[in-house]
Amino acid sequence: MGKGFEALFKESAIFANREVLSPHYIPQHLLFRDRQINDIEDSLTPSLRGERGRNVFIYGKTGTGKTSCMKYVVEQIKRLPMVKAEISYINCRVYNSRYRVLSKIAGDHIPLYAKRGYGVIDIYEKVISWVEEEARMLIVVLDEVDMIKDLDDLIYTLSRANSDMKAGGITIVGISNRVSFKEELDPRSLSTLYENELVFPPYNSQELSAIVKERVANGFRPDVVDPACVNLAAAIAAKESGDARLALKIITKAGELADERGLKSVGPKEVSEASKFAEEEIAYEVINTLPEHERLIVYAIALMTINGSRYKRLSEDSESFVLSGEIYNRYTSIAESLHKETKSARLYRRYIADLDMQGIILSYESGKGIRGHTKLIRLAYPPGKIKDMIEKTLFRENEAEVKSEEVASSDAA
Ligand SMILES: Nc1ncnc2c1ncn2[C@@H]1O[C@H](COP(=O)(O)OP(=O)(O)O)[C@@H](O)[C@H]1O
Ligand SMILES: [Mg+2]
């Protein structure tokens with residue numbers, strides 16, 4: 001007989017409470033974010049008073065605490081007595097179209113409308129009359145707003161709602177990790193969304209240490225993790241990106257390694273091993289949720305790296321860079337073969353800068369020599385893995401998209 005699920009019930013010598021270390025866990029107090037939380041609260045105060053407030057846009061890199069702070073504020077608002085404001089927190093990775101967002105809003109507040117099968121116009125009108133009937137102030141939080149495929153339509157619809165309504169109003173809070181996002185928006189959506197902008201800066205090493213330390217105190221058994229290991233995980237994450245999620249992932253993975261090895265404590269060896277895993281895991285997550293055209297660009301780079309010229313293969317990964325201009329050509333031919341409209345070279349350069357910022361690619365200026373002035377680019381992670389992963393998501397999505405579009409756009413508001 002096998003060991004069955006023995007491991008599932010065995011007490012861990014390392015972890016006390018795994019839940020605390022999950023990326024979805026929201027700690028009771030968020031360190032170093034008083035100012036940001038105050039700013040969010042201030043900007044929503046008019047809505048809470050029943051006045052039409054200004055829309056807010058929150059920007060900051062991944063793992064800077066945007067989602068946690070926003071959810072914290074949402075909880076605070078829900079607890080306030082006697083306010084006319086109602087709030088919908090929407091994770092746009094899941095609700096990634098105008099239709100889905102409107103359905104979610106309706107479902108949050110008008111229970112009968114949680115059912116499927118209504119068209120966009122039905123739902124839109126239902127939401128409007130619900131807002132008007134009590135002169136409500138609806139706050140719509142769009143987290144990872146750049147994931148919405150028809151965002152310009154959604155923003156237009158929501159701002160038109162404000163002018164259509166005789167009473168009450170809608171305030172939009174948009175949240176995004178992506179720098180290049182602004183440039184893709186229609187200027188009208190841009191001026192609607194950016195009435196008020198808040199920036200979440202990356203954490204420095206000391207801040208990350210404090211965040212990790214607190215989580216370790218609750219998630220690990222006492223004295224299992226040396227303070228030096230906490231600092232090491234924080235320093236690695238600070239150097240990489242200032243991303244609290246990465247720091248927490250490193251320490252958690254280090255704990256898992258120690259657990260698997262039957263150790264009694266977590267040492268620096270586990271931490272540095274864990275950091276490799278954690279960085280890669282996060283990079284794959286990021287790649288998986290990149291906007292379509294950035295994913296196509298990464299895909300083009302992966303293909304070119306894999307099939308790259310022979311002399312580069314000899315030296316394996318050391319210098320297997322590709323030229324920016326060639327990537328653009330490859331990208332456009334891939335996009336065309338998928339019947340996608342290709343983005344301009346100008347936008348392409350923004351995407352490259354964005355991918356560079358997110359640590360997915362490394363880019364160098366060639367200096368003089370190779371065809372005048374060009375960028376040399378290479379992937380920061382193994383191209384084979386990236387290629388397989390993108391193929392899975394890209395081709396599956398394109399099939400699903402056709403189906404959902406048929407349902408959702410049968411009528412447009
Ligand atoms: N100030 C903080 N204090 C404690 N934990 C934090 C803080 N900021 C972020 N975290 C933790 O880091 C992870 C990522 O935070 P999150 O709010 O999801 O970032 P973002 O939405 O900006 O990507 C979460 O596990 C969160 O609990
Ligand atoms: Mg987030």
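**Exercise 1. Determine which residues come nearest to ligand 1 and which polar contacts ligand 1 makes.**

Step 1. Ligand 1 has 20 residues around it, and Leu31, Gly63, Lys66, Ser68 and Tyr203 come nearest; a residue is near a molecule or strand if one of its heavy atoms lies within 4 Å of it. The structure is a predicted model, in which local features need pLDDT of at least 70 and side-chain atom pairs count only at pLDDT 80 or more, whereas totals for chains, interfaces and linings use all residues. Residues are numbered from 1 along each chain as its sequence is written, chains are lettered from A and ligands numbered from 1 in the order in which they are written, and side-chain values use heavy atoms, leaving out hydrogens and water.

Step 2. Polar contacts are pairs of N or O atoms within 3.5 Å; within protein, one must be able to donate a hydrogen and the other to accept it, and residues adjacent in sequence count only if both atoms are side-chain atoms. A polar side-chain atom of lysine 66 is 2.7 Å from an oxygen atom of ligand 1. Polar backbone atoms also take part: that of glycine 65 lies 3.1 Å from a ligand oxygen, and that of tyrosine 25 lies 3.3 Å from one.

Step 3. The protein buries 94% of the 560 Å² that ligand 1 exposes when taken alone (Shrake-Rupley method, 1.4 Å probe; for residues, only the protein chains shown count as cover).

**Exercise 2. Explain where ligand 1 lies with respect to domain 1 and domain 2.**

Domain 1 (34-200) and domain 2 (203-283) both contribute residues to the shell, so ligand 1 lies between them. The domain bounds come from an automatic or database domain assignment.

**Exercise 3. Describe the order and pairing of the two open sheets.**

Step 1. The sheet of five strands has the order 2-3-4-1-5 with parallel pairing. Strands are DSSP runs (E, at least two residues), numbered from the N terminus, and two of them pair if DSSP finds at least two bridges between them. Strand 2 (85-91) and strand 5 (197-200) each have a single partner strand, so one side of each is left without a neighbour in the sheet.

Step 2. Four bridges join strand 1 (residues 56-60) to strand 4 (residues 169-176) in the parallel sense. Phenylalanine 57 stands opposite glycine 174 in strand 4.

Step 3. The sheet of three strands has the order 6-8-7 with antiparallel pairing. Its edge strands are strand 6 (322-323) and strand 7 (361-365). Leucine 323 stands opposite leucine 376 in strand 8.
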